[in-house]
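Dear colleague,

I am passing on the structure we spoke of, and below it you will find what came out of going through it. Please read the notes with the structure open beside them.

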Amino acid sequence: MRFKRPISGGKARDGGANRPASGAGGTLQSDHRLVEGVLQQIEAIADLLPSLPPAETLEVIVESLRYRLPAHCLHEEEELLRSDAPEFAPALALLRQEHVDNEWIAAELAEAFEDCISTGRAACPEALGRLARQYFVLMRRHMAWEELIAARMDKLSTQDDQS
Ligand SMILES: [Fe+2]
Ligand SMILES: [Fe+2]
């Protein structure tokens, strides 16, 4: 999975320092489609339990949970969803907190999948299913909320360019 860099530029009065990259919403949505692909794989595993997919499939998902999804979150915080506008401060603080919380769940889920890889079975399928569902439900809600914030930032940025 490769995440795109945001498109920068624009003519904001502050030279662009206090606004999200132009078109951040569109880039965010394309990144989120990649994340959704991982969530669909996790949901399919939850539906399949106590059976498991091949270890190779689990390894790819663990890689995403441990590295690719955290990289996406960092990219959002550093570039896609940055703004010094006071109206966004509470939302961005909450977004960062959700990243921390979701990353804990992702790490727990990755560890559970690693156990499945090493033993060839799900030791406690019900608990694993609950954890997997908790993760993809939270992530989908989080992404929908981020896209609303990005749309608002893009709208504000467009208004700045026109004034
Ligand atoms: Fe996020
Ligand atoms: Fe995101």
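**What was found**

E98 lies in helix α3, and since this is a predicted model, everything said here about E98 and the other residues should be read as computed from that prediction. E98 counts as partly exposed, because 17 C-beta neighbours fall inside 10 Å, whereas a residue needs 20 or more to be called buried. Along the sequence E98 and H142 are 44 residues apart, yet in space their C-alpha atoms are 7.6 Å apart. Both residues belong to the contact between α3 and α4, in which E98 is listed on the α3 side and H142 on the α4 side.

To place that contact in its setting, the protein chain has 4 helices and 0 strands, and from the N terminus on its elements run α-α-α-α. The chain has 163 residues, of which 28% count as buried. If one takes the contacts between residues at least 6 apart in sequence, 78% of them join residues at least 24 apart.

**α3 against α4**

The two helices pack at an angle of about 155°, and their axes are 10 Å apart; an angle over 145 degrees counts as roughly antiparallel, and α3 and α4 are therefore roughly antiparallel to each other. Their crossing is left-handed. From α3 the contact draws on A91, L95, E98, N102, I105, A106, E108, L109 and A112, which meet L128, L131, A132, Q134, Y135, L138, M139, H142, E146 and I149 of α4. By class, the residues of this contact divide into 13 nonpolar, 3 polar and 3 charged.

Q134, one of the α4 residues in that contact, counts as partly exposed because it has 15 C-beta neighbours inside 10 Å. Q134 and L109 are 25 residues apart in sequence, and the distance between their C-alpha atoms is 9.9 Å.

**α2 against α3**

On what does α3 (residues 89-119) pack besides α4? Helix α2 and α3 pack at an angle of about 165°, with 9 Å between their axes, and that angle makes α2 roughly antiparallel to α3. This crossing, too, is left-handed. On the α2 side the contact is made by A55, L58, E59, I61, V62, L65, R66, L69, P70, C73 and E77, and on the α3 side by R96, H99, E103, A106, L109, A110, F113, E114, C116 and I117. Sorted by class, these residues of α2 and α3 come to 14 nonpolar, 1 polar and 6 charged. A106 and L109 appear in this list and also in the contact of α3 with α4.

R68 is likewise in helix α2, and it is partly exposed because 17 other C-beta atoms lie within 10 Å. The C-alpha atoms of R68 and V35 are separated by 8.9 Å, although the two residues are 33 apart along the chain.

**The nonpolar cores**

In soluble globular proteins, nonpolar side chains tend to be buried together. Here the largest nonpolar core has 23 residues, and the members that touch the most others are I42, L65, L109, F113, A132 and Y135. Each of α1, α2, α3 and α4 (125-162) supplies at least two residues of this core. With neighbours within four places in sequence left aside, F113 is in contact with L58, I61 and V62. A second core, separate from this one, has 6 residues, among them L28, L80, L81 and A150.

**A cis peptide bond**

One detail of the backbone should be checked by eye in the viewer: the peptide bond that joins L49 and P50 is cis, with omega at about 10°. P50 has its place in the loop between α1 (24-48) and α2 (55-80).

With best regards

Methods. Residues numbered from 1 in each chain as written. Chains lettered and ligands numbered in written order. Predicted model: local features only at pLDDT ≥ 70, side-chain atom pairs only at ≥ 80, totals over all residues. Axes fitted to C-alpha atoms, helices over the stretch in contact; angles between N-to-C directions. Parallel < 35°, antiparallel > 145°, perpendicular 65-115°, else oblique. Left-handed = near helix turned anticlockwise from the far one by under 90°. Contact = placed C-beta atoms within 7 Å. Nonpolar A, V, L, I, M, F, W, Y, C, P; charged D, E, K, R; others polar. Core = buried A, V, L, I, M, F, W, Y, C linked by C-beta atoms within 7 Å. Buried ≥ 20, exposed ≤ 12 C-beta atoms within 10 Å, placed from the backbone.
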